Amino acid sequence: MKKHAFVIIVAVISSSLFISCEQDALVDPPPFEKKPAIMCLMTPQSDVIEASLVYTKPYYGLQKDEMEYISDALVTITEESSGITDTMNNYAPGMYSMSVGRITLKVKNWYKMRVVLPNGKEFSARSRVPPKAMVEDFKIASVKMGKPYEDLSGGGWGSYTVNPFAIEFLYDLGDPDFYVSPQLEGKAKNAMGEEIEVRISFADEILPGESNKPTSFFTQSEFYSGFGIEGPFKINTFFGAIYTMDEAYRNYYRMQMLQFEDDPFSEPVLFSNNFSDGALGVFGCYDFVQSTFEYTP
């Protein structure tokens, strides 16, 4: 009888433990602190500097589709070397602009953006204009075509030819304070002059400049052929843009790329921010040059 009672007690305890494990814990979410979110990406390629200002939304709780725009802030930009300041005008909900004129974007100059809200709270960030990429400083160091092979995974569509390649690009930015990023595509041509466009991608699309040697971008990839366009191929023509940027723009760009990754095991993407405490946002600068580049073995 005692043994039977002991079994019942153990069963009740086990059952209560199991039920307690299934119960949801009620935890209050962290308190929400509304912050201004400020975005301003400048480039010497434009004669207008624009900025957007909104308030952040709570991460937990009921979400609203509409944004809370900030249209009554004082927004200024100062060229630090000369001390010249100009005010941005609010032209739409949360949108501000300023024509380049009184303020001009000069290479390697620092600029300060200042945002003052109606309640007196003030936030600021700094940005620096990068050197514009020079076409003559971009070199195609090597282009190597690998041995083609057949891919039989096409099923009823037949097989495809896979064409491996390896390419190294060099750009002499000459300044470790700024970053460079080639955004290119190539043209693979056969003896008949038939072309296949080739996407050029790198493990790290943005690299810092170096003071004593060119920055190297290396890619090893492949493209498919067939469909009546047969090899062998050569890749001698490249086209696209060479971007240069300051650190703030580089961090923002990398954050954007991470947001599109589909890895379920990756860490949450932290928002890139270079504004003073109490605000979120990016004040950065970039430049670019577009061209076609030919490789001569």
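Aromatic pairs, ring–charge contacts and cysteines

At 18% relative accessibility, Y286 counts as buried, because the cut-off for that class is under 20%. The model under discussion is predicted, and the residue serves here as an entry point to its aromatic side chains.

A search of the whole structure finds 13 aromatic pairs. One of them joins F165 and F223 in a tilted arrangement, with 6.1 Å from centre to centre and 40° between the planes. F165 belongs to strand β11 (residues 160-171) and F223 to strand β15 (residues 215-225), so this pair ties together parts of the chain that are 58 residues apart in sequence. With a relative accessibility of 2%, F165 is classed as buried, and F223 is likewise buried, its relative accessible area being 5%.

Y286 takes part in another tilted pair, in which its ring and that of Y243 lie 6.5 Å apart, centre to centre, with 35° between the planes. Because Y243 lies in strand β16 (residues 234-245) and Y286 in strand β17 (residues 280-294), the two rings tie together parts that are 43 residues apart in sequence. The partners fall into separate accessibility classes: Y243, at 25%, is partly exposed, whereas Y286 is buried.

Beyond these two pairs, F138, F169, F202, F217, F238 and F293 form one aromatic cluster.

Aromatic rings also meet charged side chains. The charged end of K34 is placed over the ring of Y55, at 4.5 Å from the ring centre. R126 lies over the face of W110, and here the distance to the ring centre is 4.1 Å.

W110 leads on to T78, whose contacts include it. T78 is part of strand β3 (residues 74-79). Leaving aside residues up to four places away in sequence, T78 touches G83, I84, T85, I103, W110, Y111 and K112. With T85 there is in addition a polar contact between the side chains, at 2.7 Å.

The cysteines remain to be considered. How many disulfides does the count give? The count comes to 0. A disulfide is a covalent bond between the sulfur atoms of two cysteines, and the criterion applied is a sulfur pair within 2.5 Å. For C40, the closest cysteine sulfur is that of C285, and the separation of 9.0 Å is too far for a bond. C285 is accordingly in no disulfide, the sulfur of C40 being its nearest cysteine sulfur at 9.0 Å. C40 is buried, at 0% relative accessibility, and C285 is also buried, with a relative accessible area of 0%.

Technical notes. Residues are numbered from 1 along each chain as its sequence is written. This is a predicted model: local features need pLDDT of at least 70, side-chain atom pairs count only at pLDDT 80 or more; totals for chains, interfaces and linings use all residues. Side-chain values use heavy atoms; hydrogens and water are left out. Buried means under 20% relative accessible area, exposed over 50%, partly exposed in between (1.4 Å probe, protein chains only). Helices (H or I, at least four residues) and strands (E, at least two) are DSSP runs, numbered from the N terminus. A polar contact is a pair of N or O atoms within 3.5 Å; within protein, one must be able to donate a hydrogen and the other to accept it, and residues adjacent in sequence count only if both atoms are side-chain atoms. Contact means heavy atoms within 4.5 Å. Rings of Phe, Tyr and Trp (its six-membered ring) pair if their centres lie within 6.5 Å; planes under 30 degrees apart count as stacked, over 60 as edge-to-face and the rest as tilted. A charge sits over a ring if NZ of Lys or CZ of Arg is within 6 Å of the ring centre and within 35 degrees of the ring normal.
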